Amino acid sequence: MKGGPPNRLGIDSFLSSSPVSLIQSPQVKDLVHWRDPKKSGVVFGLSLLTLLSLAAFSVISVISYLLLALLCVTITFRIYKSVVQAVQKSNDGHPFKALMEKDVSIPPETFHKHVDVSLTYINRFLKQMSKLFLVEDLIDSLKLAVVMWLLTYVGAVFNGITVLILADILLFAVPPFYEKNKTQIDRYMEIARTQVNTTMAKLQEKLPGAVKRTKAE
């Protein structure tokens, strides 16, 4: 029995998606769409500051400075509260007592659940990469080759941290812009998608029959 073409992951999923449909988590959507400007501003500012720090210093230095800053804050607050309690002769106890009593351990069930979910995504990724690099579908492998070729030019201009900084800025800048201009952007994206699909179809028609896409049985 003949069926439609097999459901493929990878580059086609990006071509058939709107810019914000890739972000599935409601919490992430709220952040990047600035539903709560204060929370989004804090997350964006901290993430950008961390990436800029990594661009200027080593990972070890950045982590050490962050932990040192946190430790300075907690020590200063602890000393301040101790002085206040001594002056007021109060017996409020440790200022972080409520936080210290909280259970910060990770339950084994939660840990195993996240590991299983991560393993599912890793196996799916490895399977897809195997199909692409072993040229199960010539068109998809050619698309990947084009993307890798373009990335060589990106790598010649930007390093990894710079790309992450740009990605962080775009992550918080594109969704609000897309939301305000959704109709026009979707129309242009549909035109571009149609052009890409037409070009791919013409290229596929010129390929030898042995390498054309096979139909699912």
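Reader: How many salt bridges does a search of the whole structure find?
Author: A search of the whole structure finds three salt bridges, and it should be said at the outset that this is a predicted model.

Reader: Which side chain does E179 meet in a salt bridge?
Author: The partner of E179 is R35, and the N to O distance in that salt bridge is 3.0 Å. The pair links distant parts of the chain, with E179 in helix α8 and R35 in the loop between α2 (26–32) and α3 (37–56), 144 residues apart.

Reader: And how accessible are E179 and R35?
Author: E179 has a relative accessibility of 39% and so counts as partly exposed, while R35, with a relative accessible area of 49%, is also partly exposed. As for why such a pair can form, side chains of opposite charge can pair when their charged atoms come close.

Reader: Which residues form the salt bridges in helix α9, K182 with what, and R193 with what?
Author: K182 meets D186 through their side chains, at 3.0 Å from N to O, and R193 forms a salt bridge with E190, where the closest N and O atoms are 2.7 Å apart.

Reader: How many residues apart are K182 and D186, and how many for R193 and E190?
Author: K182 and D186 are four residues apart in helix α9, which covers residues 182–206, and that spacing is about one turn of the helix. R193 and E190, also in helix α9, are three residues apart, again about one turn of the helix.

Reader: Are K182 and D186 buried or exposed, and what about E190?
Author: K182 counts as partly exposed at 44% relative accessibility, D186 is partly exposed with a relative accessible area of 25%, and E190 is partly exposed with 41%.

Reader: Back to helix α8, where is P176, and is P176 buried or exposed?
Author: P176 sits in helix α8, which spans residues 160–180, and its relative accessibility is 19%, so P176 counts as buried; the reasoning here turns on a cut-off, because buried means under 20% relative accessible area.

Reader: What is P176 in contact with, leaving aside its neighbours within four places in sequence?
Author: With those neighbours left aside, P176 is in contact with V32 and W34. The C-alpha atoms of P176 and W34 are separated by 7.4 Å, although the two residues are 142 residues apart along the chain.

Reader: What about L171, where is it placed, and what separates its C-alpha atom from that of V32?
Author: L171 is placed in helix α8 as well, and its C-alpha atom is separated by 6.4 Å from that of V32, with their positions 139 residues apart along the chain. L171 is partly exposed, its relative accessible area being 35%.

Reader: Changing topic, where does UniProt place a "transmembrane region"?
Author: The UniProt record, an unreviewed entry, places that feature at residues 42–73 and 157–178.

Reader: How much helix is there over residues 42–73 and over residues 157–178?
Author: Over residues 42–73 the chain is 94% helix and 0% strand, with the end C-alpha atoms 18 Å apart. Over residues 157–178 the chain is 91% helix and 0% strand, and there the end C-alpha atoms are 27 Å apart.

Reader: One last residue, Q85: where is it found, and what does it touch?
Author: Q85 is found in helix α4, residues 59–88, and, not counting residues up to four places away in sequence, Q85 touches S90, D92 and G93. With a relative accessible area of 15%, Q85 is buried.

Methods. Residues numbered from 1 in each chain as written. Predicted model: local features only at pLDDT ≥ 70, side-chain atom pairs only at ≥ 80, totals over all residues. Heavy atoms only, no water. Helix = DSSP H or I, 4+ residues; strand = E, 2+ residues; numbered from the N terminus. Buried < 20%, exposed > 50% of the residue type's maximum accessible area, 1.4 Å probe, protein only. Contact = heavy atoms within 4.5 Å. UniProt positions renumbered as here; feature names shortened; annotations may be inferred. Salt bridge = Lys/Arg side-chain N within 4 Å of Asp/Glu carboxyl O.
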